Amino acid sequence: MLASTDNPEFSPDQLPEPEPRQWHSLRPVQAWLECLGNLPFALILTAGIWFASMTTRPDLIGHPALAATVTALLWFRMLIYPHIALRHRGYAVRERDIVFRSGWLWRRISLVSYSRIQHVEVGQGPMQRQFEVSWIKLFTAGGALGDLTINGLAAEEAARVEQWIGERIDSHARALQQALGNDEDVGIAEPDADAELKTEIQAPEANKP
Amino acid sequence: MIPSQWSRLSLWSMLSFLVQALKAGWQLLVAWVIGGSSFLQRSELEGSSIWMALAAGGLFLLAVQTVWSWLFFRWRVDSQRVEIAKGLLFRSQLQLSFDRIQRVDVTTPLWYRPLSRVNLVLESAGSSQKEVTLAALRIDDAEALRTQIRGHQASSTEPASELTAQDHDPGDIVHRLDFAALVKIGLSTPTALVAFPVLWGLYAQLPNDRRTQVENWLQGPLHQLADGGLLQQWGFWILTLLMLVLLSLVSSIALTTLRWYGFVLRRHSAVLRQRAGLLSVREQDVRPIKVQQIVYRRNPLQRLLGIGQLKLTQASSSENEKTAFVVPGIGPEQAQWLQDAIHQTGDREHDPWQSISNSWYGMAIRFGLVFPFLVMTLAFWLTGASALTMLLAGLAWSLGFLVWARRRYSLWSWRRNADVIAVRSGLLGTREVSVDLCRVQRVDMHQSPYQRRRRVATVVFWVPSGHIQLPFIPMSTARQLTALGMWRAATTTRAWM
């Protein structure tokens, strides 16, 4: 062996469930802001599609039905999908980690432990400032792809979450320092042995606060 | 001597700055010469004087750049960090704390070998290129600085037992390459495979008269063996192919020898150190505690020859093939032993490899058969190709895809050993990636509509050097692994970066 440090073994059946019991939803105005941001692109792309359709052979790419279908899909993605997607987004702040879910058809749940957060950033765009909405970004050591961004929090809520995470990071650092000094495990409660493991990512309606 | 006050590097470091300038600006130099000559030709100057002027100008620019870089590069070291200040117009100052240094490499370029000088390369996490190169240090100074950095890191982040454990054999050789092993690596590296089409492409670009010359030169020996006709034509092509293959293999072995000659991997108390190189010697060391991911890769030729390549990935993102800590020519059993040693899995039994859910097969068939069918129907409609052609093309695609999907599915598997997750995949070549869960930064659990129906999910563990993905595992297992990853991230007392 190259090194000898503690490496206790856990039974996976005794670990706490990865999903929270209650999800917090985001501000609905966020969907409208996303639509507003998408609108110029939707208009430009639509003009491009119809220009291409009118200048090519109507029996091939220039078939009006094809152009209409592509336009409909584009507008759905740009202007309607943000509303659907927002309903399926949610987050939960827990004792040891923060959880974020997203996706309508392709769903995703992301978990970031406070012990791994390098720093936290809270920000607002100009339009978000008008509607008192913020985003919060959690930076990990995993590079840009390993970071987690939650967009559409109420500004006050974002500030509270930031403060909570800051306190958790500090308390974890203290616990780690103490554990290293005393040569023992980090002072976090044992996992719940009776934790129920669900069998499927639940539908968003079932978990709405 | 390691400076505690701001100091310049030695004068010999100008050689390194010159090489850096050449590497950074060779495209500019070529453009300068070609563009300049075309401009000057119009002004009706003598041909030779044009080239002389351009060459002198280019050399002058290189010299200025080199001296400039050396003049405004200063460094100093205190008990906690290395500090670098460089540039005059665009000034930059870098403080690199010893704790944040991921790798300390000592390289000895050919031109420094007679001078007993080395380059010390320091890399930290989160940068796309190497942070600091301290050029032309004396060997003793480089060694002293490396020892200082490693000593500081060990005392601040690791239990003292790691440095003083009695069961370690300092300097124990873990892996070494003899010439036969170098030949094996040379034969199995992609260079040998790539060289052939490249050479063929170059030959095809030759003007007709040159190609005729080459063909005549190659045909010469054949004239002595057989006289004209079809045999000569076939013989010419066979001989050409053989020569190109031979040339590519020899060049590949030569390149491998240049890079890996004298390769030795040693195990010290808390460090793995390797040294290799024929002309320029490179010595790299890595602390197992800094290793985020281990990738063991074998292409079909390597599998045939019983070797593979082990790559130890750290949080430093400049992990390309040239600068990464790579152990070449290592067999599967030895690679497994090394992985266990780095992950500290001890004597625990390995769980057997588990296949991913056969739902993946179902999804692959849907995407591989239904989607191409739709595309082909569309193509038939647009191009008006005959129905029989489309049917035959579709059948060929489907059969080929079914064979591929079945093989791929059977080779995609994962296993957990203590807190280490490993994923193996590959069709002809294989790739095995393992991470220790205590290094996890974020965990993602994905589900597509199809996966939701089949009650399977894809779990992605993000570590500082990238990610590892477990596709199509049962939902209950996905939840357990996610929970385990988060639990380990929150509770571990081990240093993870």
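**Strands, helices and rings: how the labels are earned**

Guide: Let's start with one rung of a ladder: B:Val459 has B:Leu470 in E21(B) as its bridge partner. Heads-up, this is a predicted model, where local features need pLDDT of at least 70 and side-chain atom pairs count only at pLDDT 80 or more, while totals for chains, interfaces and linings use all residues. Residues are numbered from 1 along each chain as its sequence is written, chains are lettered from A and ligands numbered from 1 in the order written, and side-chain values use heavy atoms, leaving out hydrogens and water.

Visitor: What makes E20 and E21 of chain B a pair?

Guide: Two strands pair if DSSP finds at least two bridges between them. E20 (residues 456-463) and E21, both of chain B, have seven, running antiparallel, so they pass. Strands here are DSSP runs of E, at least two residues, and helices are runs of H or I, at least four, numbered from the N terminus.

Visitor: Why are E1 of chain A and E21 of chain B called edge strands?

Guide: Each of them pairs on one side only. The open sheet has six strands in the order E1(A)-E2(A)-E3(A)-E19(B)-E20(B)-E21(B), with antiparallel pairing.

Visitor: How do you know that H1 and H2 of chain A are roughly antiparallel?

Guide: Their axes come within 9 Å and cross at roughly 175°. Axes are lines fitted to C-alpha atoms, for helices over the stretch in contact, with angles from 0 to 180 degrees between N-to-C directions. Under 35 degrees is roughly parallel, over 145 roughly antiparallel, 65 to 115 roughly perpendicular, the rest oblique. That makes H1(A) roughly antiparallel to H2(A).

Visitor: Why is the pair of A:Tyr81 and A:Trp104 called tilted?

Guide: Phe, Tyr and Trp rings (for Trp, the six-membered one) pair if their centres lie within 6.5 Å; planes under 30 degrees apart are stacked, over 60 edge-to-face, the rest tilted. With centres 6.2 Å apart and planes at 45°, this pair is tilted. B:Trp68 and B:Phe72 are tilted too, at 5.0 Å centre to centre and 55° between the planes.

Visitor: What makes A:Tyr81 partly exposed?

Guide: Buried means under 20% relative accessible area, exposed over 50%, and partly exposed in between (1.4 Å probe, protein chains only). A:Tyr81 has 22%, so partly exposed fits. A:Trp104, at 28%, is partly exposed, and B:Trp68, at 38%, counts as partly exposed.
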